[in-house]
Every structure is written in C-alpha cells, then in structure tokens.
Amino acid sequence: PSNLKELKMANANVSFGLKPVGKHGSSPATQGTSQYFIASDASAIFQGSPVRAELTGGTIQIATATCDGVQLLGVFAGCEYVDATTGKLKFSNTWPGSGSANTNFDIKGFVYDDPAQRFIIASDGTNTDRATAKADIFKTAEIEGGTGGNTTTGISTAQIDISTAEDTDTSNPLMILGIHEDVTNADHSAAGVSYIVKINNHALNSSDVDATAS
C-alpha cells in the first residue's frame, strides 16, 4: 500500500515515564533504590514518576507537571503499605493515593535516587531529524505530564518536553545525555523518540538545606 513507509517508520510512542538504564562512567548497572516514607494523604505516584522531598512530613511526593525549577530526589520505583481494606501488606508499582493504606503503619516508597543514575524517557513531540536530536545532547529540558500515569498499569506517562531543550536554563529538571537506540522509536520526524537523560537539579547534590528548593 502507498502508506507502507509511513506505517513502518511510525514510532511506537509509548510514554513510560523515566526508566533506569545504568549509571555514568564504568558502571553500567542500574543503581538500587533507597527507601523513603509517603504520607497517607499523598497524591498518586506512578512507577517512573519524578518525585521530590516534602519537608513538612519527612516524606516524598510526586513532583510538578513540568518539574521546572524543582529539585528532584529521584524516580519512583514502587511502594509497600498495609492495605486499608484487606489489612494485608501490599507491594505495588504505584501509590494509589489517599485512603489506600492503613495509617497505623508506615508507607514505604522506593526511589532511584543516585545522582549518577541515567534514565530513558520518550519525547512528547518531534525533534525533526537525528542531527537535530544529537545537537540537543547536553542541553536541559522540562518534563511534560510529570504527574500523569496509567491507573491500570501503574506506569507514569511523563515524557520529555523536547521543544524546551536549551543550553541556558539551569533550572530545567533533565539534562539530555544521548539518544536511546530503539528501532521501534527511531523516526525523529515524529514524537516518541527515546532520550537518555539524568536529573539535572538533584536534591542530593544540592548545597541548599531545603531539599525542595527551586
């Protein structure tokens, strides 16, 4: 058919939030997670969601939609809590939100919080071609839909807002480090190309006493 080329080139364009893919330097292994607490009335957090510290309760919470100017603690991997209905310990890739847990027990969230951790994330729009995409390496960018997620799979739907990539704004949450080689998302003229990124404003690298500072 006449549209065979278009069908072949179309990206899968699956939004999956931030997915760990290794660390800087000679260690390719994905860093393990660290445990933090989640407040019982916290908003939903999805696997792959960017999270930040909440100083008032010593807990973590989902970050903002764009994460612009936000110091991120890391990326959410999952959680453990006692279910409010069944009374049983539950392990989940998503924190469903207020009312889910028995408040007599701690709610534990697990976060990829190593500042050297790399992630892949899908673009929300086109970057024209591969040469343009390569030129964006080492630039910073905002996140699109940082608070969104699929309630069925528990996976974040956050993407990188590739149109915001620039080399002058240090407040952007992500730094682009490369292009993830993925044959199902290789059409740079369409949305859905995956980029390798790191957290640009990491709370654990900050000299500010307030880990939530912008």
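**Exercise 1. Classify the two partners of the salt bridge between K108 and E80 by burial, and locate them in the chain.**

Solution. E80 has a relative accessible area of 16% and is therefore buried; buried means under 20% relative accessible area, exposed over 50%, and partly exposed in between (1.4 Å probe, protein chains only). K108, with a relative accessible area of 25%, is partly exposed. The closest N and O atoms of K108 and E80 are 3.9 Å apart, and a salt bridge is defined as a side-chain nitrogen of Lys or Arg within 4 Å of a carboxyl oxygen of Asp or Glu. The pair links distant parts of the chain, since K108 belongs to strand β7 (residues 108-112) and E80 to strand β5 (residues 74-82), 28 residues apart. Helices (H or I, at least four residues) and strands (E, at least two) are DSSP runs, numbered from the N terminus.

The basis of these exercises is a predicted model, in which local features need pLDDT of at least 70 and side-chain atom pairs count only at pLDDT 80 or more, while totals for chains, interfaces and linings use all residues. Residues are numbered from 1 along each chain as its sequence is written, and side-chain values use heavy atoms, with hydrogens and water left out.

**Exercise 2. State how many salt bridges the structure holds, and describe those of R130 and D136.**

Solution. The structure holds four salt bridges. In general, side chains of opposite charge can pair when their charged atoms come close.

Step 1: R130 pairs with E181, the closest N and O atoms being 2.9 Å apart. Because R130 lies in helix α2 (residues 130-135) and E181 in the loop between β11 (174-179) and β12, the pair ties together parts that are 51 residues apart in sequence. R130 is partly exposed, at a relative accessible area of 39%, whereas E181 is exposed, at 58%.

Step 2: D136 meets K139 in a salt bridge with an N to O distance of 3.3 Å. D136 is buried, with a relative accessible area of 6%, and K139 is partly exposed, with 21%.

**Exercise 3. Give the order of elements in the chain and characterise the chain as a whole.**

Solution. The chain contains two helices and twelve strands. Read from the N terminus, the elements follow the order α-β-β-β-β-β-β-β-β-α-β-β-β-β. Of the 214 residues in the chain, 46% are buried. Among contacts (heavy atoms within 4.5 Å) between residues at least 6 apart in sequence, 70% join residues at least 24 apart. The chain exposes about 10,200 Å², of which carbon and sulfur atoms supply 51%; the areas come from the Shrake-Rupley method with a 1.4 Å probe, and for residues only the protein chains shown count as cover.

**Exercise 4. Describe the open sheet of six strands, its edges and the pairing of β9 with β10.**

Solution. The strand order is β1-β8-β12-β11-β9-β10, with antiparallel pairing; two strands pair if DSSP finds at least two bridges between them. The edges are formed by β1 and β10 (159-166): each has a single partner strand, so one side of each is left without a neighbour in the sheet. From one strand to the next, the twist averages 45°, where axes are lines fitted to C-alpha atoms, for helices over the stretch in contact, and angles run from 0 to 180 degrees between N-to-C directions.

Strand β9 (residues 140-144) is joined to β10 by four bridges, and the two run antiparallel. Within this pairing, I143 has I160 as its bridge partner in β10, and T140 stands opposite E166. β10 is mostly covered, with six of its eight residues buried.

**Exercise 5. Determine the surroundings of S194 and the position of A10.**

Solution. S194 is found in strand β12 (residues 194-199) and, at 2% relative accessibility, counts as buried. Apart from its neighbours within four places in sequence, S194 contacts F16, I121, A122, I179, H180 and N185.

A10 lies in the loop between α1 (4-9) and β1 (19-23) and is partly exposed at 45% relative accessibility. The C-alpha atoms of A10 and S189 are separated by 9.2 Å, although the two residues are 179 apart along the chain.

**Exercise 6. State the number of disulfides, and the burial of C67 and C79.**

Solution. A disulfide is a covalent bond between the sulfur atoms of two cysteines. With the criterion of a pair of cysteine sulfur atoms within 2.5 Å, the count is zero. C67 is buried at a relative accessible area of 0%, and C79 is buried at 3%.
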